[in-house]
Amino acid sequence: MIELCDVTRRYDEGPPALDDICVSVAPGEAVAILGPSGSGKSTLLNLVAGLDHPTTGTVTVDGVRVDRLGEAASARYRRARIGLVFQFFNLLDDLTVSDNVMLPAQLAGTARADAERRAADLLARLGVSRHSDAYPGRLSGGERQRVAVARALMNNPALLLADEPTGALDTASGEEVRKLLTELHADGQTIILVTHDLTLATACATRTIRLLDGRITPSAAEGRAGARVTPSGAEGRAGARVTPSGAEGRNRATGDDAAGRDR
Amino acid sequence: MSALGKVVRSGVARRRVPTIVTGLVVMVAVTSAVLGASLSVASRGPFERAFQQHHGAHLAVRIDPAKATPAQLDATATAAGVAAVAGPFPLATVSAGSGQFRMPPMEVAGRGTPDSAVDELTLTRGRWATGPAEIVLAANGRFNGPLLATGTELTLDNVPGNPVVTVVGFARSITRTADAWAPPDQVTAWQTAQNQNQNQSQNQNQTASQPGYQMLYRLTTAGTQAQVEAANEAIAAALPAGSLTSATSWLAVRRDVVGDTVLLIPFLIAFGLLGIVMAVLIVGNVIAGAVASATRRIGILKALGFTPGQVVRAYVTQALIPAAAGAVLGLGTGYLSTLPVITKTNDLYGTTDRGTAPWIGVLVVAGILAVVALTAWAASARAGRLRTVDALAVGRTPHAGRGRWASRLTSRIPLLSRPVSLGLAYPFTRPMRSAGMIAAIAFGAASVTFAVGLATSLSRIDEVEDIAAVQITAPMEGPRPSRITDPDKVVAAITAQSGTSGYLGTARTEVTTPGATGQLTAMGLTGPDASRYYRMVSGRWLRGPGEIVVATPFLTATGTKVGDQVTLTSEGRDIPVRIVGEAFNIDEDGMQILTDQATLGLTPEIYYITVKDGTDIGTYAAALSTALEPLGAVADTVDHSPPEMLVLIDALTALLTVLLVVVAGLGVLNTVVLETRDRVHDLGVHKALGMTPRQTIAMVIASVVLTGLAGGAAGVAVGVLVQRAVLAAMGRGTGFTLPASVVDAYGPGVVLLLAVGGLVIAVAGALLPAGWAARTRTVTALRTE
Ligand SMILES: Nc1ncnc2c1ncn2[C@@H]1O[C@H](COP(=O)(O)OP(=O)(O)O)[C@@H](O)[C@H]1O
Ligand SMILES: [Mg+2]
């Protein structure tokens, strides 16, 4: 179903974020992508979502050459097939929970009444329906992430992409989301999951892919091999990786658009 | 480079849009301010300045030489109020022509040289007339057509022997004291010849060729008609009774020359003010927005150890750099666009101006830069005083959830696509910013509204000559046309001519009436459609003899009102009449009396004709002329081309309007850029959820629709109010009651269109940033977490 072939993503400076990788995911699979900060996990997910284009290589999802889609086509592709869940939820603060959830359907042209019905169903299923008229700012982290998942599922996507969905949550909330994703997978949802969280990976992934410096490390395909990627190891890498390439550090120091960047 | 310098430089380089917009706005603001200021100076000053430069005659009088001796004329130099005197110059009225081409009669004054202590003449072409049979024509007169060039030979029809004279030059008299000049001996010779001829055939009109001398005076004070009249009386008192036969005040000439442009002054002042307020507003808006959006950066600078003072200096400098560049460019374009006005006024009035006064530019630039510095100072001082922690937190904390009610509301409007309903709710999140944008749009819309109103109102201040297509006159006798000998036959010819829509016959005479000083002009009117030539203010139009219609100044001067009975005295005869209506009639300063010709027993001197739609006026006039030939009358088309100065001012007003609209559009652009920057993360989320570029553009455009409509509506309201206020001031200043047709310049359709204009400005300003928003890379936008 998903096929990344010889994919390289190179930014202007530094070594490539993804370096000639091949990944394929079958329908119904739940794949966890593990790796230290800066290893290219988000980049990989963005390529699959059509948010970013590979420098070389091909990305094919359900027969669609995602790497060749233009802006409008890739937006339509996301609407139709992809559900996105982010570490920091990315809920729109000025819209109510239910308006947030309805948005993907409404962008696709679904009538408000129909969207409302489906959103209510989803919120009920994810156990947050009592918040449907609240604003996201009022909700706890776990609740927010469940709303974000509801929003991602709004258009019945063939593929759910989650980038560190528990990364910003405390242990208890993380547990809620973990359960939710496991259930979704059990219902047959294809999922690609980026995470630091080994528990999450083991709980709901059928397979793990390890990234290091933009390459897939040739470790066991099963999730047990995680011992090598300790949390402390990940942190250490991140520090070593980010500072030299300097993109973040420089913007912080002088960046006038830091105000925008830090939203 | 100092740390401060580095901050300033990187600030200017990185905030490209606000920097460019600041520069552009300041440039356009300076251009329009220079233009506006020059316009009001140009439309006010040139006649007075040229008058000063060429020692124009405050008073020109005609003397009967049979009754006053040269010594007596010289003695008038010491009359009270007289500062300088020139003359006596002999006067003759000649009818000239060349081949088929006949000119209206000209008053020729005899002068040996163009130089004079009073009314110095400027040769514009050719040379001065020195020999016999040479003539110099008035350059600013009615005959400065392409037909005439130096070297043209003219035959004088009404001088016995029909002498031929050569046009050797053209000269300009600032006071327009004559239509032509020739050596004094020559003029005296024509005068004498005409006189002898007249004595032989007594049936000729008396006033036409009476010998006359012209005396020109400069007065010590001549600001008002009363001062001029006082001097005139002093001069008359110094001469034998009855020797001063007529007098012309320079005020009348000024009114004639400056014409409608005098009515324009209140408009131009209002326009200039509008432009300046607008420039201040938008410049302030842009600068404040730019500084406010840098609050976080200011926090970082302070965390790095910058003092609030240094922060303020950095931001003031950062704003002043593009502003100064824009001001210099604006000064250039402003002066350039003023050049045609200067050239034209020089041409029209004989002034020798070279450009707009430098003080205007200095004042404008200093003013605008002060506004820039002040706003930047105020905004950055506020940010500089914020606690560093708070400043750093700006932009991170989601704003307090203002305007969510609007987003709930718009999301429920049926039939709107979601991007549009999202966009519609935008302005309510930041009410202050939206208010600034509404103000910008409103000023743009107000200036358009005002400009349209100005043009409409002025185009409706028309006189008889503006309405009629063709006029019929009898051959001229003296300074005015003779009476048409057989009016019935002329009317028959007019009505028989195909294409005639209606006609008005007019005759002029002098009358007096209690309460009004001096002689007043009464117009005896006849014809089926006389009423269409005058716009009524109150009362009704004439229905028969014994009724008069007057303008407001007459009512004010005589203390009468519509319905009153007054007595006109014409050639010793008292005629009781009733004032039945008040018309908007600016002829003779509003002291003209309109009445049926039968009231005064007059017959028409001129017929004004309107033709049916689609009639070719040239052909019509030619055909009618042929029909009238046996009756000794000619039909001519009426020249409707507006005064050149008015055309020019119209063009510049249009330019100014365009500039103000551009400024408004830039203000919108800047605000939308700030807005999309603030929302860049949300935009990323929208796109991640499947919002297409087209939907993004729709959302951003929708976000300015409400502000555009609000700004348009407010702007139109302001524009109409300003127009009314200006017209009221104009009415008060001139003493006229303006007719509704002039005041009500806006029809409902026009108002609607103008209000939509606000939307157009808003959408135009939002287009670019909408495109940028659509192109923002989603990944980049999302990374700004
Ligand atoms: N827009 C970008 N411009 C430049 N470099 C980037 C950009 N996005 C990511 N990178 C770099 O690519 C590498 C991989 O980033 P990412 O995929 O976000 O890593 P992860 O999600 O595994 O932490 C990092 O070195 C990061 O600095
Ligand atoms: Mg990541």
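**A walk through chains A and B**

In chain B, helix H13 (residues 404–411) and helix H14 (residues 418–425) have axes that come within 8 Å and cross at roughly 155 degrees. This is a predicted model, so please read what follows with that in mind. An angle over 145 degrees counts as roughly antiparallel, and H13(B) and H14(B) are therefore roughly antiparallel to each other. The crossing of H13(B) past H14(B) is right-handed. On the H13(B) side, the residues that meet the other helix are B:Ala406, B:Ser407, B:Thr410 and B:Ser411, and on the H14(B) side they are B:Arg418, B:Ser421, B:Leu424 and B:Ala425. By character, the residues of this contact between H13(B) and H14(B) are three nonpolar, four polar and one charged.

Let us stay in chain B and turn to its strands. Strand E5 (residues 106–110) of chain B has four of its five residues buried, so it is largely enclosed by the rest of the structure. Strand E2 (residues 82–94) of chain B is joined to E5(B) by four bridges, and the two run antiparallel. Here B:Leu91 has B:Ala109 of E5(B) as its bridge partner. E5(B) is also joined to strand E10 (residues 180–182) of chain B, this time by three bridges and in a parallel arrangement. B:Ala109 appears again in this pairing, with B:Trp181 in E10(B) as its bridge partner.

Next comes a single residue, B:Gln186, which lies in helix H5 (residues 184–200) of chain B. Its relative accessibility is 13%, and because buried means under 20%, B:Gln186 counts as buried. Apart from neighbours within four places in sequence, B:Gln186 is in contact with B:Pro132 and B:Ala133.

Now for chain A, where six strands form an open sheet with mixed pairing, in the order E6-E7-E8-E3-E9-E10. Strand E6 (82–85) and strand E10 (215–216) of chain A stand at the edges with a single partner strand each, so one side of each has no neighbour in the sheet. At the E10(A) edge, two bridges join it to strand E9 (residues 207–212) of chain A, and this pair runs antiparallel. One bridge pairs A:Leu212 with A:Arg215 in E10(A).

Two helices lie across strands of chain A. Helix H1 (residues 41–49) of chain A lies across strand E3 (30–34), E6, strand E7 (159–163), strand E8 (190–195) and E9, and runs at about 155 degrees to E7(A). Helix H5 (residues 141–153) of chain A lies across E6 and E7 of chain A, running at about 165 degrees to E6(A).

Technical notes: Residues numbered from 1 in each chain as written. Chains lettered and ligands numbered in written order. Predicted model: local features only at pLDDT ≥ 70, side-chain atom pairs only at ≥ 80, totals over all residues. Heavy atoms only, no water. Axes fitted to C-alpha atoms, helices over the stretch in contact; angles between N-to-C directions. Parallel < 35°, antiparallel > 145°, perpendicular 65-115°, else oblique. Left-handed = near helix turned anticlockwise from the far one by under 90°. Contact = heavy atoms within 4.5 Å. Nonpolar A, V, L, I, M, F, W, Y, C, P; charged D, E, K, R; others polar. Pairing = 2+ DSSP bridges. Buried < 20%, exposed > 50% of the residue type's maximum accessible area, 1.4 Å probe, protein only.
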